[in-house]
Amino acid sequence: MQLKSLELHGYRNYEKLELATGAGVNILIGPNAQGKTNLLEAIHVLALTKSHRTSKDKELIGWNQPSARLKAELERKVGPVTVELLLSPQGKKAKVNGLEQRKLSGFVGTVNVVLFAPEDLDIVKGSPGIRRRFMDMEIGQVHPGYLFDLQQYQRIMQQRNNYLKATDYSRASREMMEVWDEQLTASGVKMMQRRQNFIVKLQRWAEKIHEGITAGTERLTVEYRPSFGGGPDAAWEDQSSLFQQFMLKLTQGREQEFRRGTTLVGPHRDDLAFAINGKDVQSFGSQGQQRTTALSLKLAELELMREEIGEYPLLLLDDVLSELDQQRQTQLIETFQSRVQTFITTTGLESVNMSRLKDAAVYHVRDGTVLV
């Protein structure tokens, strides 16, 4: 997959931008707060229709601008593709090759990206919410139907939580709770199965990559930890069994949920566990091991996505090379060099191991303008 050109109109601090991009490595250089990350964010928005930095679309529209328009021309294995996304206070409109998409789920997946930002180093040591978001973003790109299940789940859970907060347990409607439980469980089970399948495949690639980075001295394992059940012996293919387990857990915890005013089990409380040579990385791993684990996961994403869609996605590196030592930076560069179209933001070339890069295109970003 190759991004040939990017157009922005009224997006963040870009009043108007038309940028032709290089086929290999593209380095965006400039001081902070000039718009480097905004460019990477725009590519990410064209992939997932949402930002990795904010949940408020209005923040993506430039100051005093009525709307923001993003457009990209790509070369994919199937041929040339043009994508457009309009952001306005009325909502989003998306087009693929000039045809408006009735649902955003029909747009997501046309552009595929893997984003690696400094905060992604917290995938290992940060909160479970960071790891759930990591799963949701990547699964949603290759299985857009997953995003529909996620949205359904979140909508039903919000309604259910509102009822839990507003109603006393002794006066609650059993029939109403059963309806919500069944709807929540139907969407939740599909999400859990997708997550388990994703992590099994990711584990296979991450283990191999981590072994290479550490010269065979460390074995990395990645395990999906659902809020109930799970484990190596779980019957993940048996949707009926998962449904019954989920419903039972909801029933068993109902009184406590009313006391706390929130749903206590389900995919919104899932997590991931990482181990090196059998020891938990989050609790006992060194800072170097935690960073190597995060790097292995991101490199595994590239390979897994290639396996799923038949070509490499775009790789977005947002000021992350300065966070990696020479060994890890070299490993990352050698992975994407000559294989993956890559966009790198940095405040200075001294933080990039330029001796490892070949024929990189360098763009200077300042105050919403880009100069070659």
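Here is a quick tour of a few spots in this structure, from a sheet and its helix to some single residues. Keep in mind that the model is predicted. One good place to start is an open sheet built from 6 strands. After that come a stretch marked in the UniProt record as "binding site", the pair of helices H5 and H6, and some residues with a positive phi, among them Asn277.

**The sheet and helix H1**

- Going across the open sheet, you meet its 6 strands in the order E2-E1-E4-E5-E6-E7, and the pairing is antiparallel.
- Strand E2 (14–20) and strand E7 (99–100) sit at the edges with a single partner strand each, so one side of each has no neighbour in the sheet.
- Helix H1 (residues 36–48) packs on this sheet, where it touches E1 (2–11), E2, E4 and E5. The direction of H1 makes about 110° with that of E1.
- Strands E4 (residues 68–76) and E5 (residues 79–88) run antiparallel and are joined by 9 bridges. If you want to spot this pair in the model, look for Arg76, which stands opposite Gly79 in E5.
- E1 and E2 also run antiparallel, with 6 bridges joining them. Here Glu7 has Glu18 of E2 as its bridge partner.
- With 2 residues between them, E1 and E2 form a hairpin. Arg12 is in the turn, and its phi is positive, at about 50°.

**The annotated stretch**

- An unreviewed UniProt entry carries the annotation "binding site" for Gly30, Pro31, Asn32, Ala33, Gln34, Gly35, Lys36 and Thr37.
- Gly35 lies in the loop between strand E3 (25–29) and H1, while Thr37 is in helix H1.
- How much of Gly35 is accessible? Its relative accessible area is 7%, so Gly35 counts as buried, the cut-off being under 20%.
- Thr37 has a relative accessibility of 21% and counts as partly exposed.
- What does Gly35 touch, once neighbours within four places in sequence are left aside? Gly35 is in contact with Asn13, Tyr14 and Val365.
- Thr37 touches Arg53, Asp318 and Thr345, again not counting residues up to four places away in sequence.

**Helices H5 and H6**

- Two packed helices are described by the angle between their axes and the distance between the axes.
- For helix H5 (residues 174–213) and helix H6 (residues 239–252), the angle is about 130° and the axes are 9 Å apart.
- H5 and H6 are therefore oblique to each other, and their crossing is right-handed.
- On the H5 side, the contact is made by residues including Leu184, Ala186, Val189 and Gln193. On the H6 side, Leu242, Phe243, Phe246, Met247 and Leu250 are among them.

**Residues with a positive phi**

- Most residues other than glycine have a negative phi.
- Asn277 has a positive phi, near 50°. You can find Asn277 in the loop between strand E10 (271–276) and strand E11 (279–280). With 47% relative accessibility, Asn277 counts as partly exposed.
- Asp319 has a positive phi too, near 55°. Its place is the loop between strand E12 (314–318) and helix H10 (326–336). Is Asp319 buried or exposed? Asp319 is partly exposed, with a relative accessible area of 28%.

Note on methods. Residues numbered from 1 in each chain as written. Predicted model: local features only at pLDDT ≥ 70, side-chain atom pairs only at ≥ 80, totals over all residues. Heavy atoms only, no water. Pairing = 2+ DSSP bridges. Helix = DSSP H or I, 4+ residues; strand = E, 2+ residues; numbered from the N terminus. Contact = heavy atoms within 4.5 Å. Axes fitted to C-alpha atoms, helices over the stretch in contact; angles between N-to-C directions. UniProt positions renumbered as here; feature names shortened; annotations may be inferred. Buried < 20%, exposed > 50% of the residue type's maximum accessible area, 1.4 Å probe, protein only. Parallel < 35°, antiparallel > 145°, perpendicular 65-115°, else oblique. Left-handed = near helix turned anticlockwise from the far one by under 90°.
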